[in-house]
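Me: I'm new to this structure and would like a close look at a single part of it. Please pick one piece, walk me through it slowly, and then show me what lies beyond it.

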Amino acid sequence: LTRFAFASAACLVAACSSVQTPPPRTDDDTKAWWSITGDLSADDMEGRDTGSEGHAKAVRYVIDRMQKAGLKPVGENGGWTQTLPLKEVKIEKDGTSFEIARGDKSSETLRFLHEINVRVSAELPESLEASLAFRGYCSDAEMKDIKGKAVICFGARRTGLPNGGGRLQNALQGGAAAILNLDDVGYTLEPMRWPDAYARSVSFPDAGPPANPKFPVIRLAPDALAKVIKGANQDAAAILKAGAAGAALPSFDIPSVLKATFRTSQRNLSSDNVLGLLPGTDPALKDQVVIVSAHLDGYGYGEPVNGDNLYNGAFDDAAYVASLIRLAEQRAGKGFRRSVLFAVYTGEEKGLLGSTYFSTHLTVPKQNLAAVINLDQLRPLFPLKILTMHAIDDTTLANNVRRIAGPMGITVRPDLEPERNLNQRTDHWPFLRIGVPATNFVFGYDPGTDAERRYREWYQIRYHRPQDDMTQPIDFDAARDINTFFYRLTEDVANDDKRPAFLPGSRQ
């Protein structure tokens with residue numbers, strides 16, 4: 001077995017009960033990177049949830065490392081941080097319930113966060129009581145006789161079938177009392193998992209409520225379908241199989257009533273970005289700024305999975321905050337031609353809050369921003385042979401990327417799974433929106449390979465789960481290679497005679 005395969009097999013058998021240790025031949029930079037990753041994802045950082053004390057502790061750690069590396073603070077008021085004012089709305093477990101009441105006087109409870117969840121809104125009604133109906137994919141043609149009913153829809157995520165917005169609009173137009181989106185078990189690119197960590201939203205104070213805030217938009221687990229449709233003379237397994245294949249689905253009423261209660265809470269909070277600058281050395285280029293970024297926040301404490309309720313967030317995204325720190329430490333006292341701004345964001349997991357706030361409250365002039373290289377969605381689980389580059393066809397950064405990747409034996413590709421919309425789901429996106437060349441990367445793979453298996457397995461077992469911790473499988477050679485690629489790419493962009501630019505016909 002290779003070094004990685006042995007570690008992975010051991011983890012699968014023993015549930016990864018101990019921290020992965022770099023083998024002796026691992027280079028010093030990768031060992032240091034892994035140590036910083038461990039510091040940031042340690043239990044005492046409490047999962048670095050946005051606005052939490054654990055996040056604040058991680059902020060202090062990052063500032064200390066940036067100071068020691070000789071970066072200059074470029075936050076608010078000459079400091080290291082930029083503070084985001086935020087508000088939180090939470091659906092509380094205590095006081096929230098879901099019950100299926102049947103015509104034969106029997107009833108059954110659905111477990112909140114494990115079998116059912118609801119979109120967060122401060123304006124949810126205190127209670128809901130409505131008869132149940134299943135309406136297939138909830139296309140306009142299927143949404144007949146739904147007034148006052150809680151309508152179950154197969155939550156298709158594939159082209160050609162109604163999407164979430166379409167289903168919701170059809171439910172509202174038909175006068176439904178609520179919508180229950182049943183997970184699409186056929187969507188394997190990013191499989192649905194339960195339990196949900198929590199039902200909680202964090203947003204800016206001036207952000208308005210979601211559209212139709214009083215209308216309950218509910219998520220239903222496939223395993224709960226049989227409970228919900230019991231008595232309707234329908235086969236839950238057959239419905240799930242047909243939906244997974246995009247085949248025709250039945251429409252039927254259910255002789256049961258959904259009874260739900262909702263209890264919400266609200267609070268104001270704040271959370272910090274960390275911003276440090278490595279000044280440029282070329283008098284002609286030093287005012288231009290290349291941003292390198294990663295997000296510090298994780299999920300914090302949530303629903304237990306296999307007895308663990310702390311979502312440490314090692315690969316998402318402590319590992320790549322560690323990459324920024326290692327780059328800063330390596331370049332201590334040795335700048336690039338352009339200035340490099342090290343941006344460590346909060347609130348990514350709550351909707352790109354930190355990067356969005358920084359992009360609209362810049363502490364350096366917008367016209368000076370030359371490029372953004374963001375690190376997220378990277379998982380060193382298998383050898384680095386292929387990199388997916390986001391916005392590959394939009395900017396000249398693709399030239400820099402290929403110039404570095406080629407000699408390293410890395411093939412650069414566009415996103416081959418665009419339906420996942422990953423380009424808009426991480427912290428480079430707000431900068432593309434304001435006209436700054438920006439990119440992000442994902443480890444790539446060929447279909448049907450062991451690399452794909454490992455990638456899919458990670459999403460199923462560890463993505464946004466407590467199992468994303470220091471005990472998980474890792475290919476330390478791949479970690480070394482992605483960090484080396486990042487260091488070299490930053491140097492290439494920051495020293496390039498040509499400033500990055502958008503390409504003609506760019507979609508951005």
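Reply: Let's take strand β16 as our piece: it pairs with strand β12 (residues 264–278) in the antiparallel sense, over five bridges. Before going further, keep in mind that this is a predicted model. To find one spot where the two strands meet, look for Leu278, which stands opposite Val340 in β16.

β16 has another partner too. Strand β13 (residues 289–295) pairs with it in the parallel sense, and here there are seven bridges. A handy landmark for this pairing is Val289, which sits opposite Ser339 of β16.

Now for β16 itself. The strand covers residues 339–345, and seven of its seven residues are buried. Its side chains go two ways: Ser339, Leu341, Ala343 and Tyr345 point to one side, while Val340, Phe342 and Val344 point to the other. Whichever way they point, all of them are buried.

Phe342 is a good place to step outward from the strand. It belongs to the largest nonpolar core, a group of 75 residues, and is one of the members that touch the most others, along with Leu40, Val62, Phe441 and Phe485. The element that gives the most to this core is helix α7 (residues 314–330), with eleven residues. There is also another core lying apart from this one; it has 41 residues, and Leu132, Tyr137, Ala224 and Ile229 are among them.

Let's stay with α7 for a moment, as there's an oddity in it. The peptide bond running from Asp316 to Asp317 is cis, with omega near 10 degrees, and Asp317 is found in that helix. One more cis bond to look up goes from Trp194 to Pro195, with omega near 5 degrees. Pro195 is in a loop, the one between β8 (178–183) and β9 (200–203).

Back to the core and another of its well-connected members, Phe485. Leaving out residues up to four places away in sequence, Phe485 touches Leu387, Val401, Ile404, Ala405, Met408, Ile410 and Phe441. Notice Phe441 in that list, as it is also among the core members with the most contacts.

Residue 485 falls within helix α12, which takes in residues 476–495. From its first C-alpha to its last, this helix of 20 residues reaches 28 Å, close to the 28 Å expected at 1.5 Å a residue. The helix is mostly covered, with 14 of the 20 residues buried. At its start, a side-chain oxygen of Asp475 comes to within 3.0 Å of the backbone nitrogen of Asp477.

Leu40, also on that list of core members, has Ser41 as the next residue along. Ser41 lies in the loop between α2 (28–40) and α3 (53–68). Is Ser41 buried or exposed? Its relative accessibility is 4%, so it counts as buried. A polar atom of its side chain lies 2.8 Å from the backbone oxygen of Thr37. Not counting residues up to four places away in sequence, Ser41 touches Arg48, Asn312, Gly313, Ala314, Ala318 and Met470. Two of those names, Ala314 and Ala318, bring us back to helix α7, as their numbers fall within 314–330.

A couple of loop residues are worth a detour for their backbone angles. Gln377 has phi near 65 degrees, a positive value in a residue other than glycine, and lies in the loop between β17 (369–374) and β18 (386–389). Asn421 also has a positive phi, near 60 degrees, and its loop runs between β19 (411–413) and α10 (429–433). Their surroundings are another matter: Gln377, at 6% relative accessibility, counts as buried, whereas Asn421, at 36%, counts as partly exposed.

The last stop is the disulfide, and the count comes to one. It joins Cys138 to Cys153, with 1.9 Å from S to S. The angle about the S-S bond is -90 degrees, and the link is left-handed. Cys138 sits in the loop between β6 (127–135) and β7 (150–155), while Cys153 is in strand β7 itself, so the link ties together parts that are 15 residues apart in sequence. Both cysteines are buried, as are the residues of β16, where we started.

Definitions and conventions. Residues numbered from 1 in each chain as written. Predicted model: local features only at pLDDT ≥ 70, side-chain atom pairs only at ≥ 80, totals over all residues. Heavy atoms only, no water. Helix = DSSP H or I, 4+ residues; strand = E, 2+ residues; numbered from the N terminus. Expected span 1.5 Å × (residues − 1). Buried < 20%, exposed > 50% of the residue type's maximum accessible area, 1.4 Å probe, protein only. Polar contact = N/O pair within 3.5 Å; in protein donor to acceptor, adjacent residues only side chain to side chain. Core = buried A, V, L, I, M, F, W, Y, C linked by side-chain atoms within 4.5 Å. Contact = heavy atoms within 4.5 Å. Disulfide = S-S within 2.5 Å. Pairing = 2+ DSSP bridges.
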